[in-house]
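This report concerns a single protein chain. It addresses the overall fold statistics, one open sheet and a set of ring contacts.

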Amino acid sequence: MFKKIVFVIIAMHFFSSYGQNQKFKVVLDAGHGGKDYGAVYHGNIEKNIALKTVLRVGAILEKDPQIEVVYTRKSDVFIELQQRANIANKSKGSIFVSMHCNANKNQGASGNETYVMGITRNASNLEVAKNENEVVTLETDYKIKYDGFDPNSPESVIGISILQEEHLDQSIELAGRVQEFFTKRTDNKNRGVKQAGFLVLRQITMPRVLIEMGFVSNKEEGDFLNSEDGQDKLAEAIAGAILDYKNEFFNPSNNDNVKEDIKVVEQKSETIVKETPKTVKTPEKGVIFKVQISASKKELSTSPSNFKGLSPISYEQVGSLYKYYYASEKSYDVAKQKLEEAKQKGYKTAFLVAYKDGIKISITDAIK
């Protein structure tokens, strides 16, 4: 008589990490604070806007009984970057969301963008990271605490991006949703999902994003950011994106949803069972780059007419969700061109994913 073993097969590799928590923990980080004012233009102060919006986001999320909100600060106090990471990691959060306002010498610049940790030499991305990282100079012995980090050195900014690629895929998933919900809730320009090296994200061990909600250096947009109406809309967008992410990847109390993502089978004790996402064809061998353009609970025909003329389209099913991809390229440079094509077609939150022999890997590993 076989010994009965129940194998729980997790469809998404990061779903299991949340399974140990009874609640989905959201760590909300209001950028700057206390003696660190952040960007100040036209009477609009970044630290105040960030805190007020964070508290609004938290109030919305706390209405969901499955969510626990952790704040790095709830008042106008100065919190060191390392301490923000300590708060997040100690809480064993599910995601970390840091909220900021952008600024540029060109006061006509406008729009929102969401960053994940990553390697970049893009001048504008580096400038944003440099501005946000300058807060470190207000800390005592910062060069010792942060291994000689120089906020004015592009090499330092690039260097910290390499330290931790873990959770990059999940971070991109969350960042894409933030940008999508910004477009739904505001009329502000969508500047997309980007990568750069931020000290505040450096040592955080969970999916994490840094949101630039808009430009305080732009008079009109700064006034919007500083208004109650603007903060309400921004909070609704960010909270909506977090809820959307949580509902896909963490929903232990919804038995129907769990059944779609988890397969329970009885097998011999020596048997290991694996479940892979449903795909439309046999996985391609070697390293392949694709452009993820959308996700839907509906299965769609891969006809170009359903995807703004883009072809070829492929998809995979994970749980109740269908993820749609444009192109399939062995060259990273060609894949980046395909990503730009998708964005030009209107898929502003599209991003690159990589596979090796049909198994998803990080973009960094794929390039290597």
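The account below moves from the chain as a whole to its sheet and then to individual side chains.

The model is predicted: local features require pLDDT of at least 70, side-chain atom pairs count only at pLDDT 80 or more, and totals for chains, interfaces and linings use all residues. Numbering starts from 1 along each chain as its sequence is written, and side-chain values use heavy atoms, with hydrogens and water left out.

**The chain as a whole**

The protein chain has 12 helices and 16 strands; these are DSSP runs numbered from the N terminus, with helices (H or I) of at least four residues and strands (E) of at least two. Of its 368 residues, 52% count as buried, where buried means under 20% relative accessible area, exposed over 50% and partly exposed in between (1.4 Å probe, protein chains only). About 17,300 Å² is exposed by the protein chain, and carbon and sulfur atoms supply 49% of it; accessible areas come from the Shrake-Rupley method with a 1.4 Å probe, and for residues only the protein chains shown count as cover. Among contacts between residues at least 6 apart in sequence, 78% join residues at least 24 apart, a contact being heavy atoms within 4.5 Å.

**The six-stranded sheet**

An open sheet of 6 strands follows the order S5-S2-S6-S9-S7-S8, with mixed pairing. Strands S5 (67-71) and S8 (190-196) are the edges, each pairing on one side only. On average, neighbouring strands of this sheet are turned by 25 degrees against each other, direction ignored. The pairings listed here rest on DSSP finding at least two bridges between two strands.

| Strands | Direction | Bridges | A bridge pair |
|---|---|---|---|
| S2 and S6 | parallel | 5 bridges | Asp 29 and Ser 98 |
| S2 and S5 | parallel | 5 bridges | Val 27 and Val 70 |
| S7 and S8 | parallel | 5 bridges | Met 117 and Ala 196 |
| S7 and S9 | antiparallel | 3 bridges | Glu 113 and Glu 212 |

Ala 30 also has a bridge partner in S6, namely Met 99.

In a regular strand the side chains alternate between the two faces of the sheet. For S2, both faces are covered: Phe 24, Val 26, Leu 28 and Ala 30 on one side, and Lys 25, Val 27 and Asp 29 on the other, are all buried. With 7 of its 7 residues buried, S2 is therefore largely enclosed by the rest of the structure. S7 is likewise mostly covered, 6 of its 6 residues being buried.

Helix H7 (residues 168-185) packs on the sheet, where it touches S6, strand S7 (112-117), S8 and strand S9 (208-215). The direction of H7 makes about 175 degrees with that of S7; axes are lines fitted to C-alpha atoms, for helices over the stretch in contact, and angles run from 0 to 180 degrees between N-to-C directions.

Glu 173 is placed in helix H7. Its relative accessibility is 7%, so Glu 173 counts as buried. Leaving aside neighbours within four places in sequence, Glu 173 is in contact with Tyr 245, Phe 249, Gln 292, Lys 323 and Phe 351.

Lys 105, by contrast, lies in the loop between S6 and S7 and is exposed, with a relative accessible area of 81%. The C-alpha atoms of Lys 105 and Ser 217 are separated by 7.5 Å, although the two residues are 112 apart along the chain.

**Ring contacts**

A pair of aromatic rings is described by the distance of the centres and the angle of the planes. Rings of Phe, Tyr and Trp (its six-membered ring) pair if their centres lie within 6.5 Å; planes under 30 degrees apart count as stacked, over 60 as edge-to-face and the rest as tilted. A search of the whole structure finds 6 aromatic pairs. Tyr 325 and Tyr 355 form one that is edge-to-face, at 6.2 Å centre to centre and with 85 degrees between the planes. Tyr 325 belongs to strand S14 (residues 321-329) and Tyr 355 to strand S15 (residues 351-356), so the pair ties together parts that are 30 residues apart in sequence. Both tyrosines, Tyr 325 and Tyr 355, are buried. Elsewhere, ring pairs link Phe 307, Tyr 315, Tyr 322 and Tyr 324 into a cluster.

Charges also sit over rings, a label given if NZ of Lys or CZ of Arg is within 6 Å of the ring centre and within 35 degrees of the ring normal. Lys 290 lies over the face of Tyr 355, at 5.5 Å from the ring centre. The charged end of Lys 35 sits over the ring of Phe 78, 4.8 Å from its centre.
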